[in-house]
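Subject: Structure handover

Hi,

Here is the structure I promised to pass on. Please open it alongside this note.

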Amino acid sequence: MDYYSSKITALIEEFSRLPGIGAKSAQRLAFHVINMPEERVKGLAQALVEARSGVRYCKECFTLTDEELCPICASGKRDHGIIMVVENTRDLAAYEKTGRYEGVYHVLHGAISPALGIGPADIRLKELMMRLQGEVKEVIIATNSSLEGETTAMYLSKLIKPTGIRVTRIASGVPVGGDLEYIDEVTLLRALEGRTEL
Ligand code: ZN
């Protein structure tokens, strides 16, 4: 790979470390950047650095946010007694896009996977249980319908049920193994409305 200047090679290497970027895409991106106006490259670099250093976890729901509390947790218009549990911030965004969910969220940042050695202590479960000591009416489990998502849902329901709080699971209109973020809004709403008691 010595056809290029070492700086271009370094850039290609950086891109190829990103998820879903193969060697060819990394090359294409690197050459695209080289041909961009310098101002735009500076803007891109700045956005990267600021996103990384400025973003943190909401202290309530653990979604990614700029503030101590995310706009959803800070809102007086949301029903703080209903908590929807999702695997990641992208899933939260998918539900937010429907514009029809009025409760708040809890982002686990993963799912239980014995195969990958990810246990209950590796996701934000303890933090969820802490929140349940407040006035919570319902916990909607909206983890993916993958093996990991289902395992997490089962584990959660067993943990929450003894507290007397209502536990529901979104309907399985969501295709098996499908990531929530790729599912259209109508399907998401149907899954939410058709949720069942656990
Ligand atoms: Zn929040």
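Below is what I found, from the overall layout down to single residue pairs.

Overall layout

Please keep in mind that this is a predicted model. The protein has 198 residues, and 39% of them are buried. Its C-alpha trace spans about 65 × 35 × 35 Å along the principal axes. I count 8 helices and 7 strands.

The domain assignment splits the protein in two. Domain 1 covers 6-54, and domain 2 covers 64-197. Their C-alpha centres are 33 Å apart.

Zinc site

Which residues coordinate the zinc ion? The donors are the SG atoms of C58, C61, C70 and C73, at 2.3 Å. Along the sequence, these donor residues follow the spacing C-x2-C-x8-C-x2-C. The arrangement is tetrahedral because the 4 donor atoms subtend angles of 105 to 116 degrees around the zinc ion. To be counted as tetrahedral, four donors need all angles between 85 and 135 degrees. For reference, the ideal tetrahedral angle is 109.5 degrees. Two of the donor residues, C61 and C70, are buried.

The sheet

There is an open sheet of 5 strands with mixed pairing. The strand order is β4-β3-β5-β6-β7. β4 and β7 (196-197) are the edge strands, each pairing on one side only.

Start with β3 (residues 79-86) and β4 (residues 103-107). They run parallel and are joined by 5 bridges. I83 stands opposite V104 in β4. V85 stands opposite H106 in β4. Helix α5 (residues 89-98) completes a right-handed β-α-β unit with β3 and β4. Although β4 is an edge strand, 5 of its 5 residues are buried.

Now turn to β5 (residues 138-141). β3 and β5 pair in the parallel sense over 4 bridges. Here V85 has I141 as its bridge partner. So V85 can be followed to both neighbouring strands: H106 in β4 and I141 in β5. On the far side, β5 pairs with β6 (residues 166-169), again in the parallel sense and over 4 bridges. I141 stands opposite R169 in β6. From β5 the chain crosses through helix α7 (residues 147-160) to β6, and this β-α-β crossover is right-handed.

Are the two faces of β5 covered or open? Both are covered. E138 and I140 are buried on one side, and V139 and I141 are buried on the other.

Nonpolar core

In soluble globular proteins, nonpolar side chains tend to be buried together. In this model, the largest nonpolar core has 38 residues. The residues with the most contacts inside this core are M84, Y95, Y105, L132, V139, L156 and I160. Several elements each supply at least two residues of this core. Among them are the strands β3, β4 and β5. The helices α4 (71-74), α5, α6 (125-131), α7 and α8 (185-193) do likewise. Which element gives the most to this core? That is β3, with 5 residues.

Where to look

For a quick tour, begin at the zinc ion and its four SG donors. Then go to V139, which is buried in β5 and listed with the residues that have the most contacts inside the core. Finish at I141, which stands opposite R169 in β6.

Best regards

Technical notes:
Residues numbered from 1 in each chain as written. Predicted model: local features only at pLDDT ≥ 70, side-chain atom pairs only at ≥ 80, totals over all residues. Heavy atoms only, no water. Domains from an automatic or database assignment. Donors = N, O, S within 2.8 Å, 3.2 Å for Na, K, Ca; no water. Tetrahedral: all angles 85-135°; square planar, octahedral: opposite > 155°, others 65-115°. Buried < 20%, exposed > 50% of the residue type's maximum accessible area, 1.4 Å probe, protein only. Pairing = 2+ DSSP bridges. Right-handed = clockwise from strand over helix to strand, strands pointing away. Core = buried A, V, L, I, M, F, W, Y, C linked by side-chain atoms within 4.5 Å.
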